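Visitor: I should like to learn how to read the features of a protein model. May we take them one at a time?

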Amino acid sequence: MTGNYDVVIVGAGINGAGVAQAAAAAGHKVLLLEKKAIAAGTSRGSSKLIHGGLRYLETYEFHLVRESLLERALLCKLAPDLVQLKDFYIPVYHETRRGPLLLHAGLTLYYALSGFNRSARYRTVPRSDWGSLDGIKTDGLRAVFRYHDAQTDDRLLTEAVVNSARELGAEFVCPAQFVGANVGTGGTEVVYEAGGQQHTATTKVLVNAAGHWANEVLARVQPTIPIMPIELVQGSHIVVPGQLTKGFYYVESPRDGRAVFVMPWYDDILVGTTETRFHGDPDSVRPLATEIRYLCKVLSHYFPAYRDFKPADVTGTYVGVRVLPAGKGHVFQRSRDVIMRADRPASEGPPRVFTLYGGKLTTYRRIALQAMQRIGPALPQREPVADTARLPLRRP
Ligand SMILES: Cc1cc2nc3c(=O)[nH]c(=O)nc-3n(C[C@H](O)[C@H](O)[C@H](O)COP(=O)(O)OP(=O)(O)OC[C@H]3O[C@@H](n4cnc5c(N)ncnc54)[C@H](O)[C@@H]3O)c2cc1C
């Protein structure tokens, strides 16, 4: 099979799906390639939150919080079956590092960054209601804050975005493994394997949305292009039997003060996440025994009913991988914003290969629009057929 495209995308995670949707909406001829399944990577291994990212206030990423809150509001409208606002509770104990004053300040700023949207209001929960909070520990409890964020099913959301891209005319091939690309003057030749055969497609721009495999994809592009050094950080979750009927709990790990979520997930409870540097083959990432123990400890620390809960009682685990620019300092403090890299500086011409590293599930639509702006100069003029800010997303 051969074909000529404006945009060929490698990877049907949320970023690849978002770019496919945005490019098809802009009227372009699009091919999306996925080696395994939709959301086979981190886009099914996230914490499943469509959130402003309260914790990013600590790293002063106000623009990211604001953008995320706007996208959260939009996704609740476009995909009401897939993205729903929920009650989140932050218990503050005597030993909690982030005290009530800091939380008041942070939640007020969160509300302000939402443009004073009602959905971002918060309040403190009266002491008389603490007993109704899913059995959370009340010993040493000083205050409980309630605010709102949204939950999604990350895999289904990604599928919905791929379906939307296809309805707009994008072609999707899966399983289809990217084999290599040759960047030439008249376009880039992309070779991929599907159905036991090699195929070639020619494209104006190759978008590399391969998640933590991104640099592996770049290593197969000729002539060689500069590769950004990255660090991979795995984050695991555990699935635990039980039910939370009141809401989501945002707690601090007693060991290191990291924020950990304890959340309802279908008929179970989900606890996550961790941050562990990952080295090695990107296909071999797995939740580690130390991560599972760490999460069990957080759960048993805050929920007395789980006091004796052990790793052997965990019913499921999964892992996602963050792609961060290589650098010094603790990974918890590094920016979670997306990084976009063209194969050459703008002064030398428009991008021919364009790579997306990291980002958030929440902001996928904005990331896609930014990517389209950056690759726009390499693309032919086309008549837009839709606006992704108005396209409903249906639960598959
Ligand atoms: C632990 C964790 C929790 C998170 N929680 C949240 C959250 O709650 N909310 C939020 O907004 N964000 C969250 N994020 C961030 C968000 O989940 C990720 O930024 C996002 O899912 C990354 O999507 P992606 O499309 O870049 O990569 P991926 O989802 O990993 O997709 C890459 C795809 O490329 C495919 N691929 C790779 N190589 C090839 C090849 N050679 N040929 C063809 N296909 C290929 C893979 O199979 C895969 O499907 C979290 C991240 C982590 C790590």
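**Domains, ligand shell and backbone**

Guide: Let us begin with the domains. The protein is divided into domain 1 (2-43 + 155-228 + 336-378) and domain 2 (86-148 + 231-330). Please keep in mind that this is a predicted model.

Visitor: How many Å separate the centres of domain 1 and domain 2?

Guide: Taken over C-alpha atoms, the centres of domain 1 and domain 2 are 33 Å apart. Domain 1 gives 10 residues to the contact, and domain 2 gives eight residues. On the side of domain 1 that touches domain 2, five residues are nonpolar, four are polar and one is charged.

Visitor: Which residues are the closest to the ligand?

Guide: A ligand is read through the shell of residues around it. Here 41 residues surround the ligand, and the closest are Gly11, Gly13, Gly41, Gly211 and Gly235. The elements that contribute two or more residues to this shell are α1 (14-25), β8 (177-184) and β17 (316-325).

Visitor: How do the residues of the shell around the ligand divide, and which domains does the shell draw on?

Guide: The shell holds 15 nonpolar, 20 polar and six charged residues. At least three residues of the shell come from each of domain 1 and domain 2.

Visitor: Let us turn to helix packing. At what angle do α1 and α4 pack?

Guide: One reads a helix pair from its angle, the distance between its axes and its handedness. Helix α1 and helix α4 (residues 154-167) pack at an angle of about 25°, and their axes are 8 Å apart. Angles under 35 degrees count as roughly parallel, so α1 is roughly parallel to α4. The crossing of α1 and α4 is left-handed.

Visitor: Which residues in α1 meet α4?

Guide: Ile14, Ala17, Gly18, Ala20, Gln21 and Ala24 in α1 meet Thr158, Val161, Val162, Ser164 and Ala165 in α4. This contact of α1 with α4 comprises seven nonpolar residues, four polar and no charged.

Visitor: Finally, the backbone. Is the peptide bond from glutamine 222 to proline 223 cis or trans?

Guide: That bond, from glutamine 222 to proline 223, is cis, with omega near -15°. Proline 223 lies in the loop between β11 (221-222) and β12 (230-241). The peptide bond from glycine 272 to threonine 273 is also cis, with omega near 15°, and threonine 273 is in the loop between β15 (268-272) and β16 (276-278).

Visitor: What is the phi of alanine 39, and where is alanine 39 placed?

Guide: Alanine 39 has a positive phi of about 55°, although it is not a glycine. Alanine 39 is found in the loop between β2 (30-33) and β3 (49-50).

Key
Residues numbered from 1 in each chain as written. Predicted model: local features only at pLDDT ≥ 70, side-chain atom pairs only at ≥ 80, totals over all residues. Near = placed C-beta within 6 Å. Helix = DSSP H or I, 4+ residues; strand = E, 2+ residues; numbered from the N terminus. Nonpolar A, V, L, I, M, F, W, Y, C, P; charged D, E, K, R; others polar. Domains from an automatic or database assignment. Contact = placed C-beta atoms within 7 Å. Axes fitted to C-alpha atoms, helices over the stretch in contact; angles between N-to-C directions. Parallel < 35°, antiparallel > 145°, perpendicular 65-115°, else oblique. Left-handed = near helix turned anticlockwise from the far one by under 90°.
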